[in-house]
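Student: I'd like to learn how to read a protein model. Could you walk me through one?

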Amino acid sequence: MADQNLDNSKGQFQSRFGFLMASIGSAVGLGNLWAFPYKMGKNGGFAFLLIYLLMFATVGVVMMLTELSFGRKTGKGVIYAWKTLSNKYTFIGFLGWLSPLLILGFYCMLGGYCLKYSIANLGDIFGAGWGVHGTDSAQFFTAFYSSQSQSVIFTIIFTALTVGIVLGGVSGGIEKFSSIAMPALFFMLVIVIIRSVTLPGAGAGLAFVFKPNFAVFKGVGWITVMASAGSQLFFSLSLAMGIMITFGSYMKKDDDIQQSSVIIPVADTLIAVMAAMATMPAVFAKGLEPGQGPGMLFVTLQYVFAEMGKAGPIFGFIFYALVFIAAITSSISLVEAVGASLMDREIAHGQKAHRTKATLIVALIITIEGILISLDGLGAHGILHIFGQGTALDVFDLCSEGIMMPLGAFLTAVVFGWFTPNYLDDDIEQSGYKFKMKKYWHFCMKWIVPIVMGLVLVGQIDTFFGLGIFS
Ligand code: PHE
């Protein structure tokens, strides 16, 4: 098997640090800085954190190990990795390939929003006309997303920046960019946390996050919390998207893969909790609603910055720039995962991999999606109303994060937990490492992951379609 990895024409990570920064960069994204705090807000604060941590240990770490090792062993991106295992599993690979392709459509739009917001806050620092300029934050947001030309332009800029980095290759583009961007992001987040927790009245926000409170578990509420935490965990760790499989295929053979499978989720969760510490105290200090949903990032927080007086735009700029960095290190991994399978196809046909061609094909598809979703303006223009969803973004999200992702994860667990339980052993144990968590990994893959993913799937369908199964 090892010789399959000899074809390095797709690229390879140069250092372990670079690999970790790229993987953590993929994992840390809008999911951490935006979705985690607001889902926590909606699902009872501390109770959500607790369930999240439990799933982190039983599902997140074991699936991370599975995907990285699966990629490293086969040396392939998602479709061909599954095909290498068996032709009958190729369809699981397709699920994991299509999912990031769909996510990219709205991820690039949201990344574009972050760019717009960091530029607007920068404008405010200088009192420029292109700043937020004291406009009410809700109005500013509505005006922006319903302006089709502005949304399309920022989506295209963000997409182009993403594609530009991926064209630079695995080590020259993705690894290099992430190795600088991720430490910068961490540093900026610390600055925002310090500001947020020192605001008068911030204590209530910290208590909300860290003080035990289980009111939300009453009745069947815990199932909803579990479904929400489970899907959040997968999205946040970039699992079931073919990403960690792809990155695994660029890993060095002597990397301690078990250790990496713990480091990546720990770093990701740390940043998610830090994001909650950066946002919740500020939200509570201003007497705002923590479970706001999508409006949280662009309305509530912008309002908080506007309320901070002169220093507000500086913190606003730092904050939105950091969210932008988080988004772009994620979107490059999404593009890479989709493009890698196109390159694998060339290799399978005995050709050399053409990175530029593959990346530009992906770029074309996601630009079309991004334009479509931007034109919809978060539902303001009603471009795509299907499956009972309000906005084009929801339709793409339902198909990818809502259905394909939990389904793909469920199938992955069934295959590695039940059908081929020893397939990854030799990869994990190579270079003299011992598969220390083998028993634990088997148990979790066999029982916990399929049950949790099954629940997430039902929970998602239930909430999206309002079936009321759990109420
Ligand atoms: N993990 C990223 C986040 O939390 C998003 C993402 C999902 C990136 C899936 C790649 C794949 O925002």
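Student: Let's start with a single residue. Is Gly105 buried or exposed?

Tutor: One thing up front: this is a predicted model. To judge burial, look at relative accessible area, where under 20% means buried. Gly105 comes out at 0%, so it counts as buried. You'll find Gly105 in helix α5, which covers residues 90–125.

Student: How many residues apart along the chain are Gly105 and Ile180, and what separates their C-alpha atoms?

Tutor: They are 75 residues apart along the chain, and 26 Å lies between their C-alpha atoms. Now try another pair: Met280 and Gly205 are also 75 residues apart in sequence, yet their C-alpha atoms are 4.9 Å apart. Met280 belongs to helix α12, residues 257–285, and it is buried because its relative accessibility is 0%.

Student: What about Phe19? Where is it, and which residue is it paired with in space?

Tutor: Phe19 is in helix α1. Its C-alpha atom is 9.9 Å from that of Asp255, with the two positions 236 residues apart along the chain. Phe19 has a relative accessibility of 2%, so it is classed as buried.

Student: Now a charged side chain. Is Lys10 buried or exposed?

Tutor: Lys10 is buried, because its relative accessible area is 4%. It sits in the segment before α1. Look for its partner too: the side chains of Lys10 and Asp344 make a polar contact of 2.7 Å.

Student: And how do I read backbone angles?

Tutor: Here's the general idea: most residues other than glycine have a negative phi. That makes the positive ones worth a look. Ala240 has a positive phi of about 60 degrees, and it isn't a glycine. Ser431 also has a positive phi, near 60 degrees, and is likewise a residue other than glycine.

Student: Where do Ala240 and Ser431 lie?

Tutor: Ala240 is in the loop between α10 and α11 (243–249), while Ser431 is in the loop between α17 (425–429) and α18 (438–465).

Student: Is Ser431 buried, exposed or partly exposed?

Tutor: Ser431 has a relative accessibility of 46%, so it counts as partly exposed. Ala240, on the other hand, is buried because its value is 9%.

Student: Let's move on to the ligand. Where does it sit?

Tutor: The ligand sits in the largest cavity. To describe its surroundings, list the residues around it. There are 15 of them, and Ala27, Leu30, Gly31, Tyr107 and Phe235 come nearest.

Student: Which helices each supply at least two residues of that shell?

Tutor: Those are α1 (16–27), α2 (30–42), α10 (221–236) and α14 (312–348). Then sort the shell by class: seven residues are nonpolar, eight are polar and none are charged.

Student: Which polar atoms of the protein lie close to nitrogen or oxygen atoms of the ligand?

Tutor: Scan for pairs of N or O atoms within 3.5 Å. A polar side-chain atom of Tyr107 is 2.7 Å from an oxygen atom of the ligand. On the backbone side, a polar atom of Ala27 is 2.9 Å from a ligand nitrogen, and a polar backbone atom of Ser236 is 3.0 Å from a ligand nitrogen.

Student: And how much of the ligand's accessible area does the protein cover?

Tutor: On its own, the ligand has 310 Å² of accessible area, and the protein covers 100% of that.

Methods:
Residues numbered from 1 in each chain as written. Predicted model: local features only at pLDDT ≥ 70, side-chain atom pairs only at ≥ 80, totals over all residues. Heavy atoms only, no water. Near = heavy atom within 4 Å. Polar contact = N/O pair within 3.5 Å; in protein donor to acceptor, adjacent residues only side chain to side chain. Areas by Shrake-Rupley, 256 points an atom, 1.4 Å probe, with all protein chains shown as cover. 1 Å grid on protein atoms, 1.4 Å probe; cavity = no way out; pocket = protein on both sides within 12 Å on 5 of 7 lines; lining within 4 Å. Sits in = over half its atoms within 2 Å of the grid points. Helix = DSSP H or I, 4+ residues; strand = E, 2+ residues; numbered from the N terminus. Nonpolar A, V, L, I, M, F, W, Y, C, P; charged D, E, K, R; others polar. Buried < 20%, exposed > 50% of the residue type's maximum accessible area, 1.4 Å probe, protein only.
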